[in-house]
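Open the structure in a viewer and set the display to cartoon, with side chains ready to be switched on. The tour below goes from selection to selection.

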Amino acid sequence: MASSSGRKVQQIGCPAHPEAHLIEDYRAGDQICSVCGLVVGDRVIDVGSEWRTFSSDKNAADPSRVGGAENKLLGSSDLSTMIGDARGAASFTADGQSKYQNRRQMSSSDRALTNAFREIALMADRISLPRTIVDRSNNLFKQVHDGRNLKGRSNDAIASACLYISCRQEGVPRTFKEICAVSKISKKEIGRCFKLILKALDTTVDMITTGDFMSRFCANLRLPNYVQRAATYIARRAAKELDIVPGRSPISVAAAAIYMASQASEDKKTQKEIGDIAGVADVTIRQSYKLMLPRAAELFPPDFNFHTPIEDLPEL
Amino acid sequence: MSQIWAQSAQPFSRSGSGTLHVRTCRVADPASLRPGPMALVQTLSSAGPMSAGGGGGGGPSGLVEPPLVAASAPAAPEPEEPVIDIVINNVVSSFSVSCHLDLKHIAQNGHNVEYRRENGMVTMKMRRPYTTASMWSSGKITCTGSTSEAEARVAARRVARYLQKELSYPARFRNFRVVNVLGTCTMPFSIKIADFSQKYPRIACYEPELHPGVTYRINHLKATLKVFSTGSITVTAPSVSAVQQAIEHIFPLVYEFRKDKSPEEAAAAAAARARQLAESDLELDDSSDGSDD
């Protein structure tokens, strides 16, 4: 019926219309002639899914899948079969050793990438970064790795720098010190890798502004919303509009602005507390604060209600 | 001396039109510029063991007179010309004595040397000119700390001569070249570095968390400039003329982002400089008194 030995003919055809195109109906497993509607094939294997999944729970394993999703970054060379971890009684011999021991055959470039991705995911998890930043970071790392300009540098350093850059690119920058806190690389090395990566990928990043850090710092200090808004306003006026604090890092200016705003409100924070949260030394806050204090009247927002008036703000 | 400072403190707005012509850039011998810190070191060290009292580290130590950077005719003749003085702080040079050096022997028999085994080099400090020479066993020597190209050459020859005479090596003075020159200069105005770095995103790198200055690289001169918000600029370049060209290149770019000092700030800066002058005068008087014995 189907194919005779040797000669290649169209496998199945409608007897009445041999040249007619066959429509395949997967549900029923039929092949139907498009002209007369005769069902000519049968028991075509159904390629639909075996299970019907109703739950949208991402974490539960999807029974329709035979394996995990392919990670596009890891290179499409790896279509080999990997023997999974030993589970169940049958995978152990009588002595208690696992039967299949050799599980090491992943390509070496993939291994470096996988390690780095795992590091990035770990670091991001420590500071609760969203999935988008992690994905962007992975992409950056893959680009840097393929470009091979930073080959000599430690992969962890490059991973930390990629994480820093992706936070910046997403518009939610983290300070170098915050990245240092979750990574074992020094700030100097991360800074060096950061500059090298920007040069290698030929990109630029926007400059950090004082407002980028306000919500995080104020939330960690548990300051009320109106203080946070006031501090944002003060920092923006000091740094951008009036330019009272030339040459000071925006983080220091932000910390000093938070100090000023909190001292004028009910919930007063000390310089040390703010310095701990922001990663700034309290003498640095003092220096910026001293520069800002003479023009405090211009810095505060017009609708701020002062618990402590401007004249009584501390001199330190 | 105060005259130079006064000139530098004049605002540039007298130019009339918005553009600025770099009138004169004089590369000054720091010895003639008394307030400079390098000059202090030089005069102190020269006034020490050498009995020749007074005056900087020797007259002919490289007062470079580069050609005047010609300006087109100004709109009106100006009473004082704005002068930017570039102070050369450090000249690094490298040469070879083309013979193998026994570092241990030098360390044991040489004067003013120290041997660091982990780096594999011998450091020798010379008093006049005040320089440090690092020698490797291959015979290559790096000389740092001089304040002009000519002085660097003198120091290098002195090192080679010392090796030849005192330690009787078959030393020859070969392949002398200046590797790096560090110069600093101060603009008479403050600079808005945030806007400056945003205008030149690829060439200028400003990361306030990492360094308070903007790093500006000029590729065709192979120079790296660090621009600070106070108006100071430091330049590292392969030669003194490159330093000067770099300053001339950056001046109009930086002039665009100048921030004229408010009266209080200008007064504060002038007071700080006057204090510095007074201190350096005091110290120089002391040292010259000592050497007059």
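In which helix of chain A does Ser288(A) lie? Select Ser288(A) and colour helix H10, residues 282-292 of chain A, since that is the helix that holds Ser288(A). This is a predicted model, and the values quoted on the way are computed from it.

**Stop 1: around Ser288(A)**

Ser288(A) has a relative accessibility of 0% and therefore counts as buried. Now show what surrounds Ser288(A). Leaving out residues up to four places away in sequence, Ser288(A) touches Val245(A), Arg248(A), Ser252(A), Val253(A) and Ala256(A).

**Stop 2: chain A as a whole**

Zoom out to chain A. Chain A contains three strands and 11 helices. Read from the N terminus, the order is β-β-β-α-α-α-α-α-α-α-α-α-α-α. Chain A has 316 residues, and 35% of them are buried. Of the contacts in chain A between residues at least 6 apart in sequence, 60% join residues at least 24 apart.

**Stop 3: helix H3 and its surroundings**

Select Ala161(A), which sits in helix H3 of chain A. Is Ala161(A) buried or exposed? Its relative accessible area is 0%, so Ala161(A) is buried. Apart from neighbours within four places in sequence, Ala161(A) is in contact with Ile190(A), Cys193(A), Phe194(A) and Ile197(A). Add Phe176(A) to the selection: the C-alpha atoms of Ala161(A) and Phe176(A) are 9.0 Å apart, with the two positions 15 residues apart in sequence numbering.

Phe176(A) also leads to the aromatic pairs. Over all chains, the whole structure has 19 of them. One is the stacked pair of Tyr164(A) and Phe176(A), with ring centres 4.0 Å apart and 15 degrees between the planes. This pair links distant parts of the chain, 12 residues apart: Tyr164(A) belongs to helix H3 of chain A and Phe176(A) to helix H4 of chain A. Tyr164(A) counts as buried because its relative accessibility is 0%, and Phe176(A) counts as buried at 0% as well.

**Stop 4: a second aromatic pair**

Go on to Tyr226(A) and Phe304(A), a tilted pair with 6.1 Å from centre to centre and 35 degrees between the planes. Tyr226(A) lies in helix H7 (residues 225-241) of chain A, while Phe304(A) is in the segment after helix H11 (296-299) of chain A, 78 residues apart. Tyr226(A) is partly exposed, at 26% relative accessibility; Phe304(A), at 9%, counts as buried. Add Phe300(A) and Phe306(A) to the selection: ring pairs link these two with Tyr226(A) and Phe304(A) into a cluster.

**Stop 5: salt bridges within the chains**

There are 18 salt bridges in the structure, over all chains. Select Asp146(A) and Lys142(A), whose side chains form one with an N to O distance of 3.5 Å. Both residues are in helix H2 (residues 131-147) of chain A, four residues apart, about one turn of the helix. Asp146(A) is partly exposed at 47% relative accessibility, whereas Lys142(A) counts as buried at 17%.

Next, select Glu241(A) and Arg236(A), a salt bridge with its closest N and O atoms 3.7 Å apart. Both ends are partly exposed: Glu241(A) at 45% and Arg236(A) at 37%.

Move to chain B for Lys199(B) and Glu256(B), where the closest N and O atoms of the salt bridge are 3.1 Å apart. Lys199(B) is in helix H5 (residues 193-199) of chain B and Glu256(B) is in the loop between helix H6 (240-255) and strand E13 (258-259), so the pair ties together parts 57 residues apart in sequence. Back in chain A, select Arg153(A), Glu189(A) and Arg192(A), which salt bridges with shared partners join into one network.

**Stop 6: the interface of chain A and chain B**

Finally, show both chains. How many residues does each chain bring to the contact? Chain A brings 20 and chain B brings 15. The buried area between them is about 1,400 Å², and carbon and sulfur atoms give 57% of that. Six residue pairs are in polar contact across the interface. Three salt bridges cross the interface; select Arg168(A) and Glu207(B) to see a salt bridge at 2.4 Å, N to O.

On the chain A side, helices H3 (155-169), H4 (176-181), H5 (187-201) and H8 (250-264) each supply at least two of the residues that touch chain B. H5(A) gives the largest share, four residues. By class, this side of chain A has eight nonpolar, six polar and six charged residues.

Note on methods. Residues numbered from 1 in each chain as written. Chains lettered and ligands numbered in written order. Predicted model: local features only at pLDDT ≥ 70, side-chain atom pairs only at ≥ 80, totals over all residues. Heavy atoms only, no water. Contact = heavy atoms within 4.5 Å. Buried area = accessible area lost by both parts, 1.4 Å probe. Salt bridge = Lys/Arg side-chain N within 4 Å of Asp/Glu carboxyl O. Polar contact = N/O pair within 3.5 Å; in protein donor to acceptor, adjacent residues only side chain to side chain. Nonpolar A, V, L, I, M, F, W, Y, C, P; charged D, E, K, R; others polar. Phe/Tyr/Trp six-rings, centres within 6.5 Å; stacked < 30°, edge-to-face > 60°. Buried < 20%, exposed > 50% of the residue type's maximum accessible area, 1.4 Å probe, protein only.
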